[in-house]
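Please open the model in a viewer and keep the sequence panel beside it. The stops below give a selection to make and then describe what is found there.

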Amino acid sequence: TGGLLREPDLLQRQAQFQRGDWLQSQAVADTGARAVSLFCYEPVALGDLLAQLDGGAAATQLLVTPGRSTAAVQAKISSQNRLQRPLDERKQLSISYLQPTTQHGFDHLLWASDLNFVLGEDSLVRALWAGKPLVWQIYPQDDNAHHDKLMAFLDWLKAPPSLRRFHAAWNGLDNTPLVMPDAVTLAEWTACVQAARAQLLMQDNLVAQLWRFVREK
């Protein structure tokens with residue numbers, strides 16, 4: 001209700017963004033494969049994600065952010081024999097471990113990807129502005145209060161059932177199996193996020209609303 005942080009030129013910058021140039025700047029070959037960004041803690045379903053990407057019908061370039069995400073992926077690969085093959089011997093999965101970047105650089109990662117895995121509130125906001133299908137790993141709380149928060153967000157998002165199930169699996173809410181979306185399902189997720197972005201763009205950003213509040217006082 002208070003609006004989100006949004007730079008005036010954000011959508012203009014995104015429209016001018018060139019995915020191929022950005023991938024080249026990250027030393028990632030632009031093969032035309034589906035690009036998936038991964039910014040996560042240590043989700044219990046990470047192994048299932050890697051296995052499904054490796055054995056899926058579509059070639060995938062996994063773009064892994066530095067820090068805990070990279071450590072989690074490397075630890076999971078070392079524990080799964082089927083993913084211990086050299087990079088060029090994998091079936092459909094290629095993995096690129098990215099270097100630390102700026103806030104604009106993180107936006108570029110989101111814009112370059114066909115599916116974004118994000119964590120925390122700040123990256124969720126940037127993923128919403130990117131308008132690409134997203135999966136959110138919410139920060140876990142001991143009393144499981146994050147379950148209700150996640151469901152409230154999905155209600156606001158008007159998430160389709162497939163996206164709700166994926167979030168339940170990714171966040172370990174229950175025993176729901178992780179199922180990677182096919183092209184039709186991914187298009188449904190895209191439409192859902194873009195509708196939410198359009199709704200957010202109809203209201204003033206956070207700074208504008210704060211200024212209005214101060215002037216009224």
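Begin by selecting D155, which is partly exposed at 48% relative accessibility; here buried means under 20% relative accessible area, exposed over 50%, and partly exposed in between (1.4 Å probe, protein chains only). Add R164, which is also partly exposed, with a relative accessible area of 27%. R164 and D155 form a salt bridge whose closest N and O atoms are 2.6 Å apart, the term being used for a side-chain nitrogen of Lys or Arg within 4 Å of a carboxyl oxygen of Asp or Glu. Next, select E7, D9, R13, D107 and R126 together: salt bridges with shared partners join these residues into one network.

The tour follows a predicted model, in which local features need pLDDT of at least 70 and side-chain atom pairs count only at pLDDT 80 or more, while totals for chains, interfaces and linings use all residues. Residues are numbered from 1 along each chain as its sequence is written, and side-chain values use heavy atoms, with hydrogens and water left out.

**Further salt bridges**

Within the network, zoom in on E7 and R13, whose side chains meet in a salt bridge at 3.2 Å, N to O. Are these two residues buried or exposed? E7 is partly exposed, with a relative accessible area of 25%, whereas R13 counts as buried at 18%.

Move to D114 and R19, another salt-bridged pair, at 3.4 Å from N to O. This pair links distant parts of the chain, 95 residues apart: D114 lies in the loop between α5 (103-112) and β4 (115-119), and R19 in helix α2 (residues 19-25). Helices (H or I, at least four residues) and strands (E, at least two) are DSSP runs, numbered from the N terminus. D114 is partly exposed at 28% relative accessibility, and R19 is partly exposed at 23%. The structure holds eight salt bridges in total.

**Helix α8 and the core**

Now select residues 161-170, helix α8, which is mostly covered: seven of its ten residues are buried. Which residues of α8 are buried? They are S162, L163, F166, H167, A168, A169 and W170. Display their surroundings: these buried residues pack against β1 (34-38), α3 (46-55), β4, β5 (134-137), α7 (145-157) and α9 (183-201). Immediately after α8, G172 takes a positive phi of about 65 degrees.

Keep W170 selected and show its contacts (heavy atoms within 4.5 Å). Leaving aside residues up to four places away in sequence, W170 touches L38, C40, P43, A45, L46, L49, F117, V135, W136, Q137 and L178. W170 is also one of the residues that touch the most other members of the largest nonpolar core, together with L38, L49, L62, F117 and L157; this core has 60 residues. A nonpolar core is a set of buried Ala, Val, Leu, Ile, Met, Phe, Trp, Tyr and Cys residues joined through side-chain atoms within 4.5 Å. In soluble globular proteins, nonpolar side chains tend to be buried together.

**Cysteines**

Select C40, one of the contacts of W170. C40 is buried at 2% relative accessibility, and C192 is buried at 8%. The structure has zero disulfides, a disulfide being a pair of cysteine sulfur atoms within 2.5 Å.

**Surface and backbone**

Turn to the surface and select L5, V207, W211, F213 and V214, which form a nonpolar patch with about 530 Å² of accessible area together. Such patches are made of residues with over 30% relative accessible area and no salt bridge; like charges are joined within 9 Å, and nonpolar side chains (Val, Leu, Ile, Met, Phe, Trp, Tyr) within 5 Å. Accessible areas come from the Shrake-Rupley method with a 1.4 Å probe, and for residues only the protein chains shown count as cover. V207 belongs to helix α10 (residues 206-216) and is partly exposed at 40% relative accessible area.

For the last stops, inspect backbone torsions. Most residues other than glycine have a negative phi. A27, in the loop between α2 and β1, has a positive phi of about 60 degrees although it is not a glycine; A27 is exposed, with a relative accessible area of 71%. K158, in the loop between α7 and α8, likewise has a positive phi, near 55 degrees, and is exposed at 62%.
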